[in-house]
Amino acid sequence: MQMPPGNPLLLSYTLQELLARDTVQVELIPEKKGLFLKHVEYEVSSQRFKSSVYRRYNDFVVFHEMLLHKFPYRMVPALPPKRVLGADREFIEGRRRALKRFINLVARHPPFSEDVILKIFLSFSGSDVQNKLKEAALCAGDEFMHCKLAARAKDFLPADIQTHFAMSRELIRNVYNIFYKLRDRAERIAARAIDSAADLLIFGKELSALGSDTTPLPSWAALHLSTWGSLKQALKGLSVEFALLADKAAQQGKKEENDVVEKLNLFLDLLQSYKDLCERHEKGVLHKHQRALHKYGLMKRQMMSAAHGREPESVEQLESRIVEQENVIHTMELRSYFSLYCLHQETQLVHVYLPLTSHILGAFVNSQIQGHKEMSKVWNDLKPKLSCLFAGPHSTPTPPRSPPEDGLCPH
């Protein structure tokens with residue numbers, strides 16, 4: 001899209017610049033507060049503001065509402081749902097992760113990051129943070145009211161903006177659908193690693209249980225007493241290696257959850273906020289503009305009918321209402337163009353985040369390489385310890401042979 005130099009419509013950020021704006025940690029406070037109705041509290045720490053504050057979920061809700069009020073034409077990420085009853089540990093952890101993604105997307109968003117309500121949320125340590133947020137947001141009006149370029153937004157938009165809007169919306173819808181499937185697969189891969197860890201741990205414990213068995217051998221098997229004793233002694237010690245293997249597999253699964261699945265969820269949250277913004281644009285300012293035009297047409301017809309019937313007072317009242325309605329239409333038209341202006345910038349912002357794909361793939365590949373490398377070392381260290389398990393005649397160790405290609409053992 002060709003734009004004149006110095007056009008304020010264009011964003012010049014890189015992904016590294018956005019990520020460097022701030023990193024916010026959201027950690028769960030173990031103790032639940034409240035005398036009767038217990039609630040979960042979070043410690044929210046910002047690198048940029050060098051602050052650490054305590055926030056409840058309802059504080060996030062008010063902050064989210066104020067963002068939507070002040071920036072109705074921008075991508076405001078959704079909050080995770082609230083569950084009143086049955087909030088188990090898994091649900092609470094999932095919500096903590098979602099809140100962390102939400103606040104990091106907001107803290108790195110160019111207009112949001114410069115707004116006072118973000119600074120209040122991340123650094124105000126008083127007890128009435130919700131009222132502080134409302135005071136700061138409601139008294140200033142929305143972005144259209146205080147943006148110097150709002151009335152001139154149309155001048156910066158390309159003539160075929162609706163075509164570009166439709167194409168971008170279709171592209172991002174397709175990207176979202178694909179990344180949604182990738183996230184599901186990444187979750188399954190991470191879950192398999194964690195399941196494998198549990199299986200390896202149990203496998204080692206069962207071998208140890210076999211080696212610790214104290215059942216005496218029958219008299220007819222006494223000839224093999226020394227062999228069985230050596231085998232049991234070797235089996236008993238294998239649980240240590242299998243526990244180490246389980247630990248490595250669990251680490252790999254957790255690493256993929258944090259470095260791959262969470263990054264995919266972050267990107268999906270961003271894309272979903274873009275889809276929500278497109279719906280707000282269509283159902284919000286455009287719909288209001290169309291309703292204002294329809295109302296204007298009805299009033300014009302009423303005025304013509306009143307003028308024909310020679311009712312001066314009615315005509316004068318209608319003329320006043322028509323002028324008022326024309327002002328409403330003009331404001332709605334300006335808002336509509338400003339909404340497109342913001343939507344165009346938000347589309348660019350999504351494309352700035354697209355290189356996050358390489359970060360995600362890099363994290364996935366590195367996790368696989370490191371995980372398999374560490375587990376391979378443990379397997380190789382384990383192999384020499386198996387030599388006594390394959391003792392042949394006269395106690396000569398006989399290493400295991402590879403099975404035939406058909407998988408069947410010879411007679």
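**Close-up views of a predicted model**

**View 1. Strand β3 shows two faces.** S51, V53 and R55 make up the covered face of β3, while S52, Y54 and R56 make up the uncovered one. Side chains in a regular strand alternate between the two faces of the sheet. This is a predicted model. The strand β3 spans residues 51–56 and pairs with β2.

**View 2. Strands β2 and β3 form a hairpin.** The pairing is antiparallel and runs over six bridges. Two facing pairs help to orient the eye. Y42 stands opposite R55. S45 stands opposite S52. R55 belongs to the covered face of β3, and S52 to the uncovered one. What separates the two strands in the chain? Four residues do, and K50 in this turn has a positive phi of about 50°. Strand β2 covers residues 39–46 and is mostly covered itself, with six of its eight residues buried.

**View 3. Helix α5 comes with an N-terminal cap.** The helix covers residues 116–123. D115 does the capping: one of its side-chain oxygens sits 3.1 Å from the backbone nitrogen of I117. I117 is also one of the buried residues of α5, along with L118, I120, F121 and L122. K119 lies in this helix too. Is K119 buried or partly exposed? K119 has a relative accessible area of 46%, so it falls between the 20% and 50% limits and counts as partly exposed.

**View 4. K119 of α5 and F49 are set together in this view.** The two residues are 70 positions apart in sequence. Their C-alpha atoms are 7.8 Å apart in space. K119 is partly exposed.

**View 5. F112 sits in helix α4.** The helix covers residues 110–113. F112 counts as buried because its relative accessibility of 1% is under the 20% limit. K70 is 42 residues away from F112 along the chain, and their C-alpha atoms are separated by 9.6 Å. F112 also helps to line the largest cavity.

**View 6. The largest cavity has a volume of about 50 Å³.** How many cavities reach 30 Å³ or more? The count comes to one. Its lining includes M75, P77, L105, V106 and H109. F112, L270, S273, L349 and Y353 line this cavity as well. Three elements give two or more residues each: α3, α10 and α12 (312–353). By class, the lining has eight nonpolar residues, two polar ones and no charged ones.

**View 7. The largest pocket holds about 830 Å³ of space.** Its lining has 29 residues. Which of them come closest to the centre? They are G94, R101, E187, E262 and N265. Helices α3 (89–108), α9 (161–211) and α10 (225–283) each supply at least two lining residues. Helix α3 gives the most, with ten residues. By class, the lining of the largest pocket divides into 16 nonpolar, three polar and ten charged residues. The lining of the largest cavity, in contrast, has no charged residues. Helices α3 and α10 serve both sites: they are among the elements named for the pocket and among those named for the cavity.

**View 8. Two cysteines illustrate exposed and buried positions.** C139 has a relative accessibility of 65%, which is over 50%, so it counts as exposed. C278 has a relative accessible area of 0% and is therefore buried. A disulfide is a covalent bond between the sulfur atoms of two cysteines. How many disulfides does the structure hold? It holds zero.

**View 9. N7 makes a polar contact with the backbone of L9.** N7 lies in the segment before α1 (15–20). A polar atom of the N7 side chain lies 2.8 Å from the backbone nitrogen of L9. N7 is buried, because its relative accessibility of 9% is under 20%.

How values were computed:
Residues are numbered from 1 along each chain as its sequence is written. This is a predicted model: local features need pLDDT of at least 70, side-chain atom pairs count only at pLDDT 80 or more; totals for chains, interfaces and linings use all residues. Side-chain values use heavy atoms; hydrogens and water are left out. On a 1 Å grid over the protein atoms alone, a cavity is a set of points where a 1.4 Å probe fits but cannot get out, and a pocket is an open set with protein on both sides within 12 Å along at least five of seven lines; lining residues have an atom within 4 Å of a point. Grid points are joined across faces, edges and corners, and a volume is the space filled by probe spheres set on the points. Ala, Val, Leu, Ile, Met, Phe, Trp, Tyr, Cys and Pro count as nonpolar, Asp, Glu, Lys and Arg as charged, and the others, Gly among them, as polar. A disulfide is a pair of cysteine sulfur atoms within 2.5 Å. Buried means under 20% relative accessible area, exposed over 50%, partly exposed in between (1.4 Å probe, protein chains only). A polar contact is a pair of N or O atoms within 3.5 Å; within protein, one must be able to donate a hydrogen and the other to accept it, and residues adjacent in sequence count only if both atoms are side-chain atoms. Two strands pair if DSSP finds at least two bridges between them.
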